[in-house]
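Opened the notebook for a new model today. I want the overall picture first, then a couple of residues up close.

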Amino acid sequence: DLELHLQRCQQLSVTVLTDHQDLSNTELKTITNSPAPQQYRIRAKLRTYKPQKLHQSVKLHCSKCNSLQEVPDGDDFDFILRGSASTAPNPELHSTSWYESVTWTTQDQKQREIVIHFVKHDEMLQHPEDTLLMIEGGTLKEIWKLTKRFKCVIPVRSTEDDLELLDLSAPFLLQGNVKYYGCKQCSTPKPMKSLSSIAAEQQPSWEPTEIAQVLGIELLQYVFIMKFTLVDETGALNAYLFDY
């Protein structure tokens, strides 16, 4: 457990980084005054680390524009879904050559209309574990139920001509318990009919990278980031951890 390990490190008077055993210890002052990149072995105390809570270390990174952003929470997604539910599904977009649509009305007071579009392959519906579906008017709870049964779920809304993705503040794709996001700056979202090219493949795999590509989405990657401040008698050094 990294968090426990870091707490123990802070309690110790000295933490030794054991990499580069062939090198002698170098003072932090020397490192900060030297050109990068070089390899060093240091003997230092861990003064602080950020963030304090490990889950806050996970961010979303765009490899194209190199931006970093916080992972949106469920409340943001729920708010976007509720907003999109105010747009009535367009019946003219139901059951096309590449997807089959099912509509039902909820029994609650609002009597929401929900439409699920099941993408077909060779004019046939695939097994649930291989199926990609698009949903209009669903709540967060309903979408999570669908992700437990079907391979991929894409929240959409109707326009006059086609189905389209929601605001990119929401995940454009859910697979299992993973939410996939697109970069707002680098993406140029295309209408959902672009997915028909994957449905026409011999064996559609519905991989997130391929889905993102045909939909004009620059896929954001989850990254793990931490900052450590190390000190010795000669100075301080900030060390950054960045990994996918």
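**Notes on the chain and two residues**

I began with burial: of the 244 residues in the protein chain, 41% are buried. I keep in mind throughout that this is a predicted model.

Next I looked up the exposed surface. The protein chain shows about 14500 Å², and 49% of that is supplied by carbon and sulfur atoms.

How does the radius of gyration of the protein chain stand against that of a compact globule of 244 residues? I found 24 Å for the chain, where the globule would have a value near 18 Å. I then checked the box along the principal axes, and the C-alpha atoms fill roughly 75 × 40 × 30 Å.

The domain split came next. I noted domain 1 as 20-64 + 223-243 and domain 2 as 73-181 + 190-206. So that I could place them in space, I looked up their centres over C-alpha atoms: domain 1 and domain 2 are 44 Å apart by that reckoning.

For secondary structure I wrote down 6 helices and 14 strands in the protein chain. I also looked at contacts with a separation of 6 or more, and 54% of them join residues 24 or more positions apart.

Charges were a quick entry. The protein chain has 25 positive and 32 negative ones, and I have their mean positions 9 Å apart.

**Arginine 82**

I picked arginine 82 in helix 3, which covers residues 74-84. Is arginine 82 buried or exposed? I put it down as exposed, because its relative accessibility is 52% and the cut-off for exposed is over 50%. I then looked for a partner far along the sequence and noted threonine 139: it is 57 residues from arginine 82 in sequence, yet 7.0 Å away in space, C-alpha to C-alpha.

**Leucine 125**

My second pick was leucine 125, which sits in strand 7, residues 124-125. Why does leucine 125 count as partly exposed? Its relative accessible area is 45%, and partly exposed is what lies between the buried limit of under 20% and the exposed limit of over 50%.

Which residues does leucine 125 touch, leaving out those up to four places away in sequence? I listed Glu100, Phe118, Val119 and Lys120. I also checked leucine 125 against tyrosine 99, 26 residues away along the chain, and their C-alpha atoms are separated by 8.4 Å.

Definitions and conventions. Residues numbered from 1 in each chain as written. Predicted model: local features only at pLDDT ≥ 70, side-chain atom pairs only at ≥ 80, totals over all residues. Heavy atoms only, no water. Helix = DSSP H or I, 4+ residues; strand = E, 2+ residues; numbered from the N terminus. Rg over C-alpha atoms; globule rule 2.2 N^0.38 Å. Buried < 20%, exposed > 50% of the residue type's maximum accessible area, 1.4 Å probe, protein only. Contact = heavy atoms within 4.5 Å. Areas by Shrake-Rupley, 256 points an atom, 1.4 Å probe, with all protein chains shown as cover. Lys, Arg positive; Asp, Glu negative; His and termini not counted. Charge placed at Lys NZ, Arg CZ, Asp CG, Glu CD.
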